[in-house]
Structures are given as structure tokens and as C-alpha cells.
Amino acid sequence: ANRLLALQRLYANCVPDPLARLSEVANLKDRELLVRADNGAAAAKLKQLAPTILDKIRTTNQDVTKVSVTVR
């Protein structure tokens with residue numbers, strides 16, 4: 001649980017504030033970060049930003065190799 005909270009804080013710093021408010025880290029499994037968005041528009045934008053989010057998270061030595069986005 002603590003690792004997910006830390007990843008949520010890190011994730012919130014990697015995306016624009018409006019998107020951070022419309023999404024959250026749901027899970028980290030097999031080095032894949034799962035993000036849940038509140039709506040389809042936010043999910044679409046997050047999917048576009050996924051490579052950038054991944055790069056920013058990797059700079060903090062997190063063991064993440066993929067970012068996936070789903071709608072709640």
C-alpha cells in the first residue's frame with residue numbers, strides 16, 4: 001500500500017494537474033503501472049502521455065516498464 005501511495009504522488013507530479021485530478025494509480029503488477037481515469041477523454045489524453053509519464057517515472061529509479069490506462 002505504501003508503494004502505491006508513493007507511486008500516486010510521483011504520478012501526480014508527472015501529469016498536468018487537471019489530469020491528475022481525473023485519474024489515479026490503481027496498481028503496479030509485473031512492472032506495469034495501471035492508471036484509472038474518470039472518463040474517456042482523460043483516458044485518451046493519458047494514453048497519449050504514457051511514454052512521457054513512463055520516462056519521468058523511470059528517472060526516479062522506479063521499476064516500471066509500461067503504463068496502461070483504463071476508464072473507471
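Strands E1 (residues 23-29) and E2 (32-37) form a hairpin with two residues between them, and aspartate 30, in the turn, has a positive phi of about 50°. Helices (H or I, at least four residues) and strands (E, at least two) are taken here as DSSP runs numbered from the N terminus. The model is a predicted one, in which local features need pLDDT of at least 70 and side-chain atom pairs count only at pLDDT 80 or more, whereas totals for chains, interfaces and linings use all residues. Residues are numbered from 1 along each chain as its sequence is written, and side-chain values use heavy atoms, with hydrogens and water left out.

The two arms of the hairpin pair in the antiparallel sense over six bridges, where two strands are said to pair if DSSP finds at least two bridges between them. Serine 23, for example, has alanine 37 in E2 as its bridge partner. On its other pairing, E2 is joined to E3 (66-71) by six bridges, and these two strands run parallel. Along this second pairing, arginine 36 stands opposite threonine 70 in E3, and leucine 34 stands opposite serine 68 in E3.

Taken as a whole, the strands make an open sheet of three with the order E1-E2-E3 and mixed pairing. E1 and E3 stand at the edges, each with a single partner strand, so one side of each is left without a neighbour in the sheet. Neighbouring strands of this sheet are turned by 25° against each other on average, direction ignored; for such angles, axes are lines fitted to C-alpha atoms, for helices over the stretch in contact, and angles run from 0 to 180 degrees between N-to-C directions.

Helices accompany this sheet. Helix H1 (residues 2-14) packs on the sheet and touches E1 and E2, its direction making about 135° with that of E1; contact here means heavy atoms within 4.5 Å. Helix H3 (40-58) lies across E1, E2 and E3 and runs at about 165° to E3. The place of proline 18 is in helix H2 (residues 17-21), and the C-alpha atoms of proline 18 and alanine 42, which are 24 residues apart along the chain, are separated by 9.0 Å.

In a regular strand the side chains alternate between the two faces of the sheet. Along E2 this can be followed residue by residue: Leu33, Val35 and Ala37 point to one face and are buried, while Glu32, Leu34 and Arg36 point to the other and are not. Buried means under 20% relative accessible area, exposed over 50%, and partly exposed in between, with a 1.4 Å probe and protein chains only. Serine 68, found in strand E3, is buried with a relative accessible area of 14%. Its neighbours within four places in sequence left aside, serine 68 is in contact with Glu32, Leu33, Leu34 and Val35. The side chain of serine 68 also makes a polar contact with the side chain of glutamate 32, at 2.2 Å; a polar contact is a pair of N or O atoms within 3.5 Å, where within protein one must be able to donate a hydrogen and the other to accept it, and residues adjacent in sequence count only if both atoms are side-chain atoms.

Side chains of opposite charge can pair when their charged atoms come close. The structure holds three salt bridges, each being a side-chain nitrogen of Lys or Arg within 4 Å of a carboxyl oxygen of Asp or Glu. In one of them, arginine 72 pairs with glutamate 24, the closest N and O atoms being 3.6 Å apart. Arginine 72 lies in the segment after E3 and glutamate 24 in E1, so this pair ties together parts that are 48 residues apart in sequence. Glutamate 24 is partly exposed, with a relative accessible area of 31%.

The side chains of aspartate 38 and arginine 72 also meet in a salt bridge, at 3.0 Å from N to O. Aspartate 38 lies in the loop between E2 and H3, so its pairing with arginine 72 ties together parts that are 34 residues apart in sequence. Salt bridges that share partners thereby join Glu24, Asp38 and Arg72 into one network.

Aspartate 63 forms a salt bridge with arginine 31, the closest N and O atoms being 3.1 Å apart. Aspartate 63 lies in the loop between H3 and E3 and arginine 31 in the loop between E1 and E2, so the pair ties together parts that are 32 residues apart in sequence.
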